[in-house]
Amino acid sequence: MTTAMRHRHKTFQAIEVGDGGDGRWAAHARALWPEMAGLLTEEGRTRQGADRVRALFRAHMPELVPVLERLAGRLGRPGAEAFLTHAALRPFSPACTQIGDGGTLLRNYDFPPEQCEGTIVSSCFLRPVIGMQDVLWGLLDGMNDAGLAVSLTYGGRSVYGRGFAILLIVRYLLETCGTVDEALGRLRSLPVAVPQNLTLVDAAKAVTVFVGPDMPPTVAPDACAANHQHLPVTEEQERASRTQERLRAIRAAGADVAAMLRPPLYRPLDAQGLGTLYTAHYRPAEGLVTYHWPGASWQQSFGDFAPGSRTVALGRAG
């Protein structure tokens, strides 16, 4: 591995977008649109496919329909509404580790840095939400003003079906739910395109649930998740992702930020450019989140959200 790869840098930014109607969200989204548009499937580019995903969105996320229409109108690009449904996107598979414990949600997000939007967003589409945005309005993790926090990891199985990208499901749960139990109820009616694991935390409960296109939502044995679900992990999969090793490590460490910044939970950038991009520590009852990197941190909250940017070094574990 070269020195340049070991010490690659990434800039994260924090923005406020309100309800998406005043142009701030659209200015950000238009700048990203040329690279994002390629994520739309060929079916989603057809009139029939676009009609199908819009109908799916209206059926399963009716509360967000006015938001979808507002954002698509502001974006003003061909195919914008179909794209923003997140029901016609090419699948992606981040390799992450997360735990919910004692009213906190702690997670590492592992992905190639050039493929991560890296935008911390404070929004008020239906209610105040803060989270790490990806693919224009989806969320990798986040919290709302009711004290609910949610984050995702890839479920590790190569299955694909008709449904929503998990990014928008995280957004939907935070926009419409106030508790873990309410979110679990909503999940039962949401079709998911790719197997994923969600960890949900409120002041009273922490749960990890396995979801996928071929299974009903299934509560995991504890509120921890890496990149596998209920099926055995093959030796090849373990060599590639070290999912079982990371799950054992996070169970042993608990919700410990210092442990998340050390191997095996922290993953330095490898030869393929995959590694830990950030650690997020949510305390949703307090409305606080702190993003951590080795040697740096950035706190945001509902009471004191600070727009700006931070450039951090990746690939150096603490």
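In this predicted model, Arg-107 is a buried residue, with a relative accessibility of 0%. Its side chain meets that of Asp-141 in a salt bridge, with 2.6 Å from N to O. The pair ties together distant parts of the chain, since Arg-107 belongs to strand 3 (residues 104-111) and Asp-141 to strand 6 (residues 138-144), 34 residues apart. Asp-141 is buried as well, its relative accessible area being 0%. Elsewhere, salt bridges with shared partners join Glu-42, Arg-45 and Arg-90 into one network.

These contacts belong to a set of 17 salt bridges in the structure. Another of them is formed by the side chains of Arg-54 and Asp-51, at 2.4 Å from N to O. Both residues sit in helix 3 (residues 47-60), and because they are 3 residues apart there, about one helical turn separates them. Arg-54 is partly exposed at a relative accessible area of 22%, and Asp-51 is also partly exposed, at 38%. A further salt bridge links the side chains of Arg-24 and Asp-22, with an N to O distance of 2.9 Å. Here too the partners are partly exposed: Arg-24 has a relative accessibility of 39%, while Asp-22 has 45%.

Turning to the cysteines, a search of the whole structure finds 0 disulfides. For Cys-124, the nearest cysteine sulfur is that of Cys-177, 16 Å away; since a disulfide requires sulfur atoms within 2.5 Å, Cys-124 is in none. Cys-124 counts as partly exposed, at 38% relative accessibility. Cys-224 is likewise in no disulfide, with the sulfur of Cys-96 the nearest cysteine sulfur at 14 Å. Unlike the partly exposed Cys-124, Cys-224 is buried, at 9% relative accessibility.

The sheet offers a helpful frame for the rest of the fold. Strands of a sheet pair through backbone hydrogen bonds, either parallel or antiparallel. In this model, 9 strands form an open sheet with mixed pairing, in the order 10-9-8-7-6-5-4-1-15. Strand 10 (215-219) and strand 15 (308-313) are the edge strands, each pairing on one side only. On average, and with direction ignored, neighbouring strands of the sheet are turned by 20 degrees against each other. Strand 1 (residues 9-18) runs antiparallel to strand 15, and 6 bridges join the two. Within this pairing, Gln-13 stands opposite Ser-309 of strand 15.

Helices pack on this sheet. Helix 2 (residues 24-36) touches strand 1, strand 4 (119-123) and strand 5 (129-134), and its direction makes about 145 degrees with that of strand 1. Helix 6 lies across several strands, including strand 7 (149-154), strand 8 (196-201) and strand 9 (206-212), and runs at about 20 degrees to strand 6.

In soluble globular proteins, nonpolar side chains tend to be buried together. The largest nonpolar core of the model holds 88 residues, of which Trp-137 and Leu-198 touch the most other members. Helix 6 (residues 166-176) gives the most to this core, contributing 8 residues. With neighbours within four places in sequence left aside, the contacts of Trp-137 include Trp-25, Phe-57, Leu-64, Phe-125 and Leu-168. Trp-137 is also in contact with His-86 and Arg-171. Apart from the largest core lies another, of 13 residues, among them Ala-226, Ile-250, Ala-259 and Leu-261.

Notes. Residues are numbered from 1 along each chain as its sequence is written. This is a predicted model: local features need pLDDT of at least 70, side-chain atom pairs count only at pLDDT 80 or more; totals for chains, interfaces and linings use all residues. Side-chain values use heavy atoms; hydrogens and water are left out. A salt bridge is a side-chain nitrogen of Lys or Arg within 4 Å of a carboxyl oxygen of Asp or Glu. Buried means under 20% relative accessible area, exposed over 50%, partly exposed in between (1.4 Å probe, protein chains only). Helices (H or I, at least four residues) and strands (E, at least two) are DSSP runs, numbered from the N terminus. A nonpolar core is a set of buried Ala, Val, Leu, Ile, Met, Phe, Trp, Tyr and Cys residues joined through side-chain atoms within 4.5 Å. Contact means heavy atoms within 4.5 Å. Two strands pair if DSSP finds at least two bridges between them. Axes are lines fitted to C-alpha atoms, for helices over the stretch in contact, and angles run from 0 to 180 degrees between N-to-C directions.
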